[in-house]
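Colleague: I have a model open in my viewer and would love a close look at one part of it, the nonpolar core. Could you walk me through that core and what surrounds it?

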Amino acid sequence: VQLQASGGGLVQPGGSLRLSCAASGSFSSIHAMGWYRQAPGKERDLVAISNSGGGTTYADSVKGRFTISRDTAKNTVYLQMNSLKPEDTAVYYCKIWAAKDAYWGQGTQVTVSS
């Protein structure tokens with residue numbers, strides 16, 4: 001199973017980025033897809049999750065600014081990030097849950113700085 005994340009980069013405060021993560025390989029039906037982030041010296045924290053029923057969960061710090069979505073046919077999850085702040089700077093990781101297994105992507109760097 002491979003998760004290929006992309007879309008990170010350098011953006012000014014107030015800007016936007018869209019992350020993508022495509023899952024490929026052999027796995028059971030995906031029932032949830034999500035994003036986590038890890039800033040230097042900190043633990044990896046949940047950003048957002050989308051479950052197969054259409055429900056979503058967001059960290060309080062990103063509510064109203066970030067939107068998670070998924071393309072089930074393409075096994076791809078997206079994270080639209082608007083009104084970015086310097087404190088959003090981190091490595092962003094995607095994760096999928098399929099049956100009893102969970103898989104992580106390799107991470108993509110997001111830097112918010114002027």
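Modeller: Happy to. The largest nonpolar core of this predicted model holds 28 residues, and the ones with the most contacts inside it are W35, V47, F66, L79, M81 and Y92. Two or more residues each come from β1 (2-6), β3 (17-24), β4 (30-38), β5 (44-51), β7 (66-71), β8 (76-81), β9 (90-98) and β11 (108-112). Of these, β9 gives the largest share, five residues. As background, nonpolar side chains in soluble globular proteins tend to be buried together.

L79 is a good residue to click on. Setting aside neighbours within four places in sequence, L79 is in contact with L17, R18, L19, W35, V47, A48, F66, T67, I68 and Y92. W35, V47, F66 and Y92 in that list are also named among the residues with the most contacts inside the core.

Now for the strands around the core. One open sheet has four strands in the order β1-β3-β8-β7, with antiparallel pairing. Its edges are β1 and β7; each has a single partner strand, so one side of each is left without a neighbour in the sheet. On average, neighbouring strands here are turned by 15° against each other, direction ignored. If you zoom in on the antiparallel pair β1 and β3, you will find five bridges joining them. One residue to look at there is Q2, whose bridge partner in β3 is S24.

Within this sheet, T76 deserves a stop. T76 sits in strand β8 and has a relative accessible area of 7%; because the limit for buried is under 20%, T76 counts as buried. The side chain of T76 reaches the backbone oxygen of K74 at 2.9 Å. Not counting residues up to four places away in sequence, T76 touches C21, A22, M33, S69, R70 and D71.

Let's turn next to β4, another contributor to the core. Seven of the nine residues of β4 are buried, so this strand is largely enclosed by the rest of the structure. Eight bridges join β4 to β9, and the two run antiparallel. Along that pairing, A32 stands opposite W97 in β9. β4 is also joined to β5, again antiparallel, by seven bridges. These two strands, β4 and β5, make a hairpin with five residues between them, and G41 in the turn has a positive phi of about 80°.

The hairpin brings us to R44, which belongs to strand β5 and is the bridge partner of Q38. R44 has 31% relative accessibility; since partly exposed covers the range between 20% and 50%, R44 falls into that class. Leaving out residues up to four places away in sequence, R44 touches Y36, R37, Q38, Y93 and W104. There is also a long-range link to the core here: the C-alpha atoms of R44 and Y92 are 48 residues apart along the chain and separated by 9.0 Å, and Y92 is one of the core residues with the most contacts.

For contrast, have a look at G14, in the loop between β2 (9-11) and β3. With 53% relative accessibility, G14 counts as exposed, because the limit for that class is over 50%. Beyond its neighbours within four places in sequence, G14 is in contact with S83 and L84. From C-alpha to C-alpha, G14 and P86 are 9.2 Å apart in space, although 72 residues separate them in sequence.

Finally, zoom out to the whole chain. There are zero helices and eleven strands, and the order from the N terminus on is β-β-β-β-β-β-β-β-β-β-β. The radius of gyration is 13 Å, close to the 13 Å that the globule rule gives for 114 residues, so the chain is as compact as a globular protein of that length. Along the principal axes, the C-alpha atoms fill a box of roughly 45 × 25 × 25 Å. Buried residues account for 40% of the 114 residues. Among contacts with a separation of 6 or more, 53% are between residues 24 or more positions apart.

Key
Residues numbered from 1 in each chain as written. Predicted model: local features only at pLDDT ≥ 70, side-chain atom pairs only at ≥ 80, totals over all residues. Heavy atoms only, no water. Core = buried A, V, L, I, M, F, W, Y, C linked by side-chain atoms within 4.5 Å. Buried < 20%, exposed > 50% of the residue type's maximum accessible area, 1.4 Å probe, protein only. Contact = heavy atoms within 4.5 Å. Pairing = 2+ DSSP bridges. Axes fitted to C-alpha atoms, helices over the stretch in contact; angles between N-to-C directions. Polar contact = N/O pair within 3.5 Å; in protein donor to acceptor, adjacent residues only side chain to side chain. Rg over C-alpha atoms; globule rule 2.2 N^0.38 Å.
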